[in-house]
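User: Pick one part of this model and give it a close look, ring packing included. Then tell me how the rest of the fold fits around that part, with cut-offs wherever you use a term.

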Amino acid sequence: MIGLLCLGGVGVAVSLYDDATKIDRSQPDTVADSFLIAYLVNRDDKAARLFTCDSPDLANIKALRDQLIARENQFSVAVSVSWGALSRVAVAEGKEDVTTRLTISGSSNGQVSSSRNEDWLFSVVEENGSWRVCGANKES
């Protein structure tokens, strides 16, 4: 009896873990948010690829991330990126633009030393039933 209870507990734990780590590509704004977390916060290219289309144009957001890393190295500061609301605009069938304002902050010894805002547009497309980031550009 105890063995069955333990097996049942393991099954519940595995199910909860699976739900918590499931990749959600069901909505354009969710995908843009997950991409930003992977690419700019965690700086994990492998995880970011889970949220991009087959041939994305990410040169501009890569340049931003390279700039953040260079500033961290040059000035011995920590640079963090956060963002506000993600707004969606349908462009065509299976294509939406998602916009948000990135806040880029530099800090040293726990004190914010600089901060700036940039408006960004993410082109998101539906591929095989799931949404993917296909482009990222700073708006002027």
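Analyst: Helices (H or I, at least four residues) and strands (E, at least two) are DSSP runs, numbered from the N terminus. This is a predicted model, so local features need pLDDT of at least 70 and side-chain atom pairs count only at pLDDT 80 or more, while totals for chains, interfaces and linings use all residues. Residues are numbered from 1 along each chain as its sequence is written, and side-chain values use heavy atoms, with hydrogens and water left out.

Let's make α2 and its rings the part to look at. Phe35 and Tyr39 sit in this helix (residues 28–41), with their positions 4 residues apart, or about one turn of the helix. As for span, α2 has 14 residues and stretches 19 Å from its first C-alpha to its last, close to the 20 Å expected at 1.5 Å a residue (1.5 Å times one less than the number of residues).

On to the rings. Two rings of Phe, Tyr or Trp (its six-membered ring) pair if their centres lie within 6.5 Å, and the pair is stacked with planes under 30 degrees apart, edge-to-face over 60, tilted for the rest. By that rule the structure holds 3 aromatic pairs. Phe35 and Tyr39 make a stacked one, at 5.3 Å centre to centre and with 10° between the planes. Both Phe35 and Tyr39 are buried (under 20% relative accessible area; exposed is over 50%, partly exposed in between, with a 1.4 Å probe and protein chains only). Trp120 and Phe122 also form a stacked pair, this time with 6.3 Å between centres and 25° between planes.

What do these pairs add up to? Phe35, Tyr39, Trp120 and Phe122 are linked by ring pairs into a cluster. On the β5 side of that cluster (β5 is residues 111–127), Trp120 counts as buried because its relative accessible area is just 2%. Phe122 goes down to 0%, so that residue is buried too. Tyr39 has another neighbour as well: Arg65 lies over the face of its ring, at 3.9 Å from the ring centre. For that label, NZ of Lys or CZ of Arg has to be within 6 Å of the ring centre and within 35 degrees of the ring normal.

Which other residues of α2 are buried? Besides Phe35 and Tyr39, the list has Pro28, Val31, Ala32, Ser34, Leu36, Ala38 and Leu40.

Just past the end of α2, the backbone does something you may want to check in your own viewer. Arg43 takes a positive phi of about 50° there, and Arg43 is a residue other than glycine. Arg43 belongs to the loop between α2 and α3 (45–49). With a relative accessible area of 26%, Arg43 is partly exposed.

Asn128 gives you another case: its phi is near 50° as well, again a positive value in a residue other than glycine. Asn128 is found in the loop between β5 and β6 (130–138). Its relative accessible area is 84%, so Asn128 is exposed.

Now zoom out a bit. The protein has 4 helices and 6 strands. Reading from the N terminus, the order of elements is α-α-α-β-α-β-β-β-β-β. Of its 140 residues, 32% count as buried.

Back inside the strands, a couple of residues are handy for checking long-range contacts. Glu118 is in strand β5 and is buried, because its relative accessible area is 8%. Glu118 and Thr100 are 18 residues apart along the chain, yet their C-alpha atoms are separated by 8.4 Å.

Gly106 belongs to strand β4. A relative accessible area of 6% makes Gly106 buried. Its partner to look at is Arg71, which is 35 residues away in sequence and 8.7 Å away in space, C-alpha to C-alpha.

To sum up the close look: α2 carries the stacked pair of Phe35 and Tyr39, ring pairs join these to Trp120 and Phe122 in a cluster, and Arg65 lies over the face of Tyr39.
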